[in-house]
Amino acid sequence: MADGPVLCIGECLIDLIAEGEGDLLSADRFAIREGGAPMNAAVALARLGVPSAFCGVVGADPFGERIRRLLDEEGVDTGPLGVTSEADTSLALAWRDARGDGAFRILRMADRLLSPEHIERAAIPSAAALVVGSVALAASPSRAAIERALAIAREHRVPVIVDVNVRPSLWPDRAMLRAACEPLFAAATVVKMSLDDARELWGASTHDEAVAELRTRSAKVNVVTDGARGVAIHDAVNDTVRHRPVYAVRAIDPTGAGDAFTAALISRLIARNWESPDQDDLAFAIAAGALATTQPGAITALPNAEAIAAFLAART
């Protein structure tokens with residue numbers, strides 16, 4: 001196994017999160033939080049004691065400096081982080097939908113300037129794993145950067161975790177989204193997606209329909225989450241599906257819950273040398289996701305291993 005960090009590649013941005021129950025039509029105040037799924041995953045991994053690095057691009061502006069400082073404070077390797085004067089740091093508007101789940105609209109700026117040149121300098125061959133998502137595929141040159149990262153990972157047999165994260169406002173039609181995501185699925189060791197992602201991709205309305213689609217791809221482990229409504233895990237090696245409920249908590253903000261889940265699952269799979277997760281691994285990941293909803297903002301809420309262990313101990 002490679003002794004480098006888990007390398008998370010893609011968007012980093014500033015979340016402007018609508019406070020209270022308001023959406024973009026009614027909100028009058030927004031909280032400022034650092035975010036972006038790959039960056040959240042890098043921080044979550046570091047808090048779990050897993051060395052991590054982040055490869056993305058920020059603007060040469062105060063928000064970009066804010067992101068770099070946070071990553072440095074969290075112990076994430078920022079060597080692969082690029083800075084550009086060609087665009088400002090990207091933004092995302094976030095709010096809770098009618099079901100209480102997170103909804104997002106991304107304004108892509110500096111993050112889309114991630115290039116294959118950044119990837120070549122990111123030391124992928126020595127990485128313990130690669131974490132990528134679909135947002136970077138929606139523009140160039142960031143799409144070419146992800147494609148190059150996948151090619152290097154394949155050449156050096158670096159495990160790839162795909163956290164899909166469909167943002168409908170970035171895609172003019174479903175066909176383009178599907179075509180862009182297929183290379184991710186083809187390269188993936190693990191796929192994590194929400195049922196909302198599966199609905200946008202394939203029109204799936206249930207866990208089983210989403211898993212049926214993922215069965216036709218090549219990942220060893222497929223995970224479909226659906227907020228407070230549970231998780232389905234497909235073990236492709238044995239072709240088995242397990243359905244798990246999530247832990248009931250007083251949810252305040254769902255932003256970052258999926259990233260906490262993904263990082264916690266990665267931490268357990270690394271410890272298992274990428275064997276299929278057992279019940280304890282799933283409980284650990286589900287607990288991380290639940291805890292992440294109990295505080296506002298993605299980064300603030302990402303739990304460490306001690307908090308997850310205490311949460312689980314209180315429920316056994």
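Good morning. Strand β12 (residues 221-225) and strand β13 (residues 231-235) run antiparallel and are joined by five bridges; strands here are DSSP runs of E with at least two residues, helices are runs of H or I with at least four, and both are numbered from the N terminus. Within this pair, T225 stands opposite V231 of β13. Two strands count as paired if DSSP finds at least two bridges between them.

Please note that this is a predicted model, in which local features need pLDDT of at least 70, side-chain atom pairs count only at pLDDT 80 or more, and totals for chains, interfaces and linings use all residues. Residues are numbered from 1 along each chain as its sequence is written, and side-chain values use heavy atoms, with hydrogens and water left out.

I turn to the whole sheet. It is open, has eight strands with mixed pairing, and follows the order β4-β1-β9-β10-β11-β12-β13-β14. At its edges are β4 and β14 (240-244), each pairing on one side only. On average, neighbouring strands are turned by 15 degrees against each other, direction ignored; axes are lines fitted to C-alpha atoms, for helices over the stretch in contact, and angles run from 0 to 180 degrees between N-to-C directions.

Next, strand β1 (residues 6-9). Four bridges join β1 to β4 (residues 52-55) in parallel, with L7 partnered by A53. β1 also pairs in the parallel sense with β9 (residues 129-132) over three bridges, where C8 has V131 as its partner. Which residues cover the two faces of β1? V6 and C8 lie on one side, L7 and I9 on the other, and all are buried, that is, under 20% relative accessible area with a 1.4 Å probe, protein chains only.

Finally, helix α7 (residues 207-215) lies across β11 (190-194), β12, β13 and β14, at about 155 degrees to β12; contact means heavy atoms within 4.5 Å.

Note on methods. Buried means under 20% relative accessible area, exposed over 50%, partly exposed in between (1.4 Å probe, protein chains only).
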